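This briefing walks through selected features of one protein chain. Keep the sequence and the 3D view open while reading.

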Amino acid sequence: TFILGSCSAQRQVTVQPGPLIRMEGSHITIWCNVTGYKEGVEQDFEWSMYLYTAPDREIRIVSTSQHNYAYALYAQRVSSKEIYIERLSGDSVLLHITKLQATDQGMYECYTPNTDSHYLGSYSARTNLTVIPDTLTVTATAQTLSKVEGDTLQLSCEVTRQTSQHTHVSVGWYLRPADDPNSGPRDLVTLSRDFVLRPGGQYRQRLSSGDLRLDKTSATSYRLTIYKLQPTDQGEFYCEASEWIQDADRSWYAMTRKESEKTSVKVQPTDRDFSIQVTTERRAYTAGEPLELRCTIDAQNVPERFFSVSWVFSSSPVAVIGPSAVPVLGPNYVEREATGLLTVRKESPSIHLLKLQRLLPEDSGKYICRVTEREKTLTGDFIDRSKRSRNVQITVTPLRSNITVSLSSNTSEIMEGQTVQLTCVVSNTVGPLSVTWQWTDKEGAGPAVNVASVDREGTVTPGHTFRERSSFGEIRVERVRPDTYTLFLYNAFPTDEGQYRCSATEWSQSGTAPDWIWQQIGDESASKTVTVKSVESFFFVSASSRTPSVTFGDSFDLQCIVKPRHNPNVPAAVTWRFQPAEGDGEFRDLVTFTRDGTLQWGDQLLGLGTRTTVDRTPTNTNFRLSITRAGRKEAGTYQCAALLYRRNYDNTWSMVANRTSNPLGISVLQPVSKLKVHRSNQSLQFLEDSRVRVNCSITSQTSPDSQHAVLWYARKAEAGEPDELLLKIEHSGAFEYGAYAEEERLRSRVQSEILSPRLYGLTLHRAETSDSGTYYCLVEEWLMDPDGLWYRLAQDSSGLTHVVVRQPVVKLQVEEAESNITVPEDGSIRLGCNILSQSSKDSRFSVSWYVYRLGQLEEDEQECVFSIGHDAVFGNGNCSPTEEPGPNSRLQFERTTSDLYSLTIQKARPRDTGNYYCHVEEWLLNPRNAWYRLATNNSGVTIVNVMEQVSTLQSVVCSNDSLFYFVFFYPFPIFGILLIAVLLVRYKTRSSSKNQEGKNGAPLLWIKEPHLSYSPTCLDPPALSLHPSCVE
């Protein structure tokens, strides 16, 4: 490369670009060029290197101008020419290192001393050299082999390498010929570093033909295969591998090359001579028989050699078969081969066959087999060598007929609609045959009618009478084998009954194609009688069932048997009919199996068409009707009807018979009930206003799907009266009250519960005495039939529950102790009434006090003093007091507790003297919220004596109002005013101190008003405490 300046060129030194990667022990060359110097002056070159460990230290190697230029490290190798410089031209050299060492790795510099008068440009260039170990190995088993010409040779070679660099390998096989050991090895085939196969010059043709192969069988294995060994392949075979690397300039460099051990191969030449022999079973034949001639080639390695075989008859070519096994026929035999009367083929590599079918008398003569071998020389030329066999004399005598005919049938008696099959076997034939089928009546008295005929070419011609029937495929003639003919009459009719005759005629052929001459040489016949039975005479229908009586929800099958067996040409249409047990009494079609095998449902559908299935056997003799989950609608009479059809040869149909089976009565019954209700009797007692509970338990039921309707009845004590319906729970859950519940106003108090699926309860709230009686339940069991309708299966009643509702036991008791009271006049008389016990915690009492005055000893003379009713109203007891109530009344009533009553008579008078007692009535509220009297009781008598008053100071004071107020009233206000004044003065004196009393104190004085504890709406009698001027 020249760099042009304004005045002169610049010197430019270039070296082979790196990095250069070479193997240890290999021979390396590095080129160096210089340009841009003054022309005509030879340039010198100096080579140095720098180790990677000391990049600044120059180690001189060799120079073109100085002999002692090398340092001691390289001096010995330079003097021994292991390292030297090869001058290519005056400005180009090569540095040679013939045996590269690992220490040679480093940076190499090429320097050119200046030969010009000035310095301009570059005078040195550098390149990198990397030395790697040689890991290439080539191994092959050393052996000695003996082969025969035409054999196959296979040799394997293992090539491995362990380098870390990206390298390629080329592998080649070489042969050192045994006949010329001094000549160089022959290149057989090489797999290049680019994975391209390159054959040697002498083996290019054998590689293209496939006789030479090099296969890489694994990552390291290479296999050489030579087919059809030749004597020239004898010698030593070895494998050579080279490891290549691509330099920076994109050029490839072979770093190392190694050879494997050698294999010695000897190839024994084969004998190229051959012989021919023609064989046949015999040499005398009869016209019409087949002839087979075989030409056998006796030679070595026949499959690997190329032979062509020619057949010659009396100097006329018959056929030629080349190496490709494709025959070429002579002109006189093309027609016979096209008609299948001549066969020429290669049975094996060494055996060729000539076969003539149906020999003719003209085929008598001499037959010869001529064999020609074509051999290819090493130069590519072909050499032909031919041989011929001995003459084979063949004699063909004219035919003489000796045929026999036998006729057989599939059966001598068939049913209408079946197939008549007649087989005619012709034996001892030597020539082509023609066959004629004829029919006559059973006696053979009528004229013979041609059914069909088969000529010698195999063409079938139907007879005139059977031509139309044959056009529909009802008559067929087959040639099963060369000597066997079969006649088929499909869909046989009764009119097909009669005698069938098979007549066979044997023919002889003479002449040459296409002008053949046919001659009849014999005929023979045989007959057979065939009986066709009418299906109508055997046609019948019957119906049966194993379960004439079933239960709701069960299944049943009905079978309709139709005989004889089904024939597609005489099929039957079968219909199941049904007459319901409840209805108009007419049979209606359920389902029909049509003659073509389809199903057709009728208007009458059982079980909505979802529970009815039908099927039939493959032979169409059993038609089954299956009903699942039978119900009322499936009960009735079933019948099977069948129509027999005949298919005509023109595919039209005719009905030939109609049959009806026996009727089948099917009863569908309700299941047997298993309903049971617990029947134990019991007696229950309840208090009035309590809750009455009666249970109804179902111990067993017919089905887990059973539903129950429960009716509750009440039976009163009156004899002869019907039981009254309280309420009814329908199986659907609907609730309905009975008339008795309405009349007795039980609707608001009666309640029915379903405690569990089998336990029902009846509850009477707030029981009354009128509810006493006998109760029981009536259970109805309901089931759903397969049609989705509910029906009552059974009913059962429970045991009787005797219920007694009574009022509370009378426990009323009033204290009956007698007492005496003596009081002064104007004193107070206190009368007590103590109720010791009561019948119910909800009892209310009406209390009255009576008195017997002196002299009043009779009950009707007693006097009512005071009364209070159970409703806490004064005067509303069982008597009317003589003294009217009011503010001036002397009577004071008091109820300190719920069971302690007292009556105080103030300002007693002498006339109040008498015998007093209290009369108590116990009242209860019944469930209808009406009060009734449960019991009465009287207390003991209290004898009261009132003493008359005499005048005393007390009486004087109390009798004067002014004096009374002065003594008992005026002092209190005065004392109160004084007390208030004292408190005010004290309050003012302590106002400066802490106001503790204002915060924590309480009023010092208070007065409660007298009060009356009375609530007119309360059910309890009021607690009265009336005292004039009392403070509570």
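Arginine 469 is buried, because its relative accessible area of 7% falls under the 20% cut-off. The residue sits in helix 4, which covers residues 467–471. Its side chain makes a polar contact, at 2.7 Å, with the side chain of aspartate 496. The model is a predicted one, and the points below move from its disulfides to its strands, its annotated spans and one helix.

**Disulfides**

- The structure holds 7 disulfides, and three of them are described here, beginning with the pair of cysteine 424 and cysteine 502.
- The sulfur atoms of cysteine 424 and cysteine 502 are 2.0 Å apart.
- Cysteine 424 belongs to strand 34 (residues 420–427) and cysteine 502 to strand 40 (residues 498–512), so this disulfide ties together parts of the chain that are 78 residues apart in sequence.
- The angle about the S-S bond of cysteine 424 and cysteine 502 is -80 degrees, and the link is left-handed.
- Cysteine 424 is buried, with a relative accessible area of 0%, and cysteine 502 is buried with a value of 0% as well.
- Another disulfide joins cysteine 560 to cysteine 640, with an S to S distance of 1.8 Å.
- This pair links distant parts of the chain, with cysteine 560 in strand 44 (residues 556–563) and cysteine 640 in strand 50 (residues 636–647), 80 residues apart.
- The disulfide of cysteine 560 and cysteine 640 is left-handed because the torsion about its S-S bond is about -65 degrees.
- Cysteine 560 has a relative accessible area of 0% and is therefore buried; cysteine 640 is buried, also with 0%.
- Cysteine 696 and cysteine 777 form a disulfide in which the sulfur atoms are 1.9 Å apart.
- Here too distant parts of the chain are linked: cysteine 696 is in strand 55 (residues 692–700) and cysteine 777 is in strand 61 (residues 773–784), 81 residues apart.
- The torsion about the S-S bond of cysteine 696 and cysteine 777 is about 65 degrees, so this disulfide is right-handed.
- Both cysteine 696 and cysteine 777 are buried.

**Strand 61 and its partners**

- Strand 61, which holds cysteine 777, is mostly covered, with 11 of its 12 residues buried.
- Strand 56 (residues 707–715) runs antiparallel to strand 61, and 9 bridges join the two.
- Within this pairing, tyrosine 713 has tyrosine 776 of strand 61 as its bridge partner.
- Strand 62 (residues 790–797) pairs with strand 61 in the antiparallel sense over 7 bridges.
- Methionine 784 stands opposite tryptophan 790 of strand 62.
- Strand 61 and strand 62 form a hairpin with 5 residues between them, and glycine 788 in the turn has a positive phi of about 85 degrees.
- Strand 63 (residues 801–806) is also antiparallel to strand 61, and 3 bridges join them.
- Glycine 773 stands opposite valine 803 of strand 63.
- In a regular strand, side chains alternate between the two faces of the sheet.

**A sheet of four strands**

- One open sheet has 4 strands in the order 10-12-17-16, with antiparallel pairing.
- Its edge strands are strand 10 (137–139) and strand 16 (212–216), each of which pairs on one side only.
- From one strand to the next, the twist averages 20 degrees.
- Strand 10 pairs with strand 12 (residues 153–160) in the antiparallel sense over 3 bridges.
- Threonine 139 has glutamate 158 of strand 12 as its bridge partner.

**Annotated spans**

- An unreviewed UniProt entry gives the annotation "domain: Ig-like" to several spans, including residues 11–130 and 133–256.
- Residues 11–130 are 7% helix and 48% strand, and the end C-alpha atoms of this span are 28 Å apart.
- Residues 133–256 are 4% helix and 51% strand, with end C-alpha atoms 11 Å apart.

**Helix 8**

- What span should helix 8 have at 1.5 Å a residue?
- The 19 residues of helix 8 (residues 971–989) should span 27 Å, and the end C-alpha atoms are 28 Å apart, which agrees.
- Helix 8 is hardly covered, as the count of buried residues among its 19 residues is 0.
- An α-helix has 3.6 residues a turn, so residues three or four places apart point the same way.

Note on methods: Residues are numbered from 1 along each chain as its sequence is written. This is a predicted model: local features need pLDDT of at least 70, side-chain atom pairs count only at pLDDT 80 or more; totals for chains, interfaces and linings use all residues. Side-chain values use heavy atoms; hydrogens and water are left out. The expected span of a helix is 1.5 Å times one less than its number of residues. Buried means under 20% relative accessible area, exposed over 50%, partly exposed in between (1.4 Å probe, protein chains only). A disulfide is a pair of cysteine sulfur atoms within 2.5 Å. Two strands pair if DSSP finds at least two bridges between them. Axes are lines fitted to C-alpha atoms, for helices over the stretch in contact, and angles run from 0 to 180 degrees between N-to-C directions. UniProt positions are given in the numbering used here, feature names are shortened, and annotations may be inferred rather than shown by experiment. A polar contact is a pair of N or O atoms within 3.5 Å; within protein, one must be able to donate a hydrogen and the other to accept it, and residues adjacent in sequence count only if both atoms are side-chain atoms.
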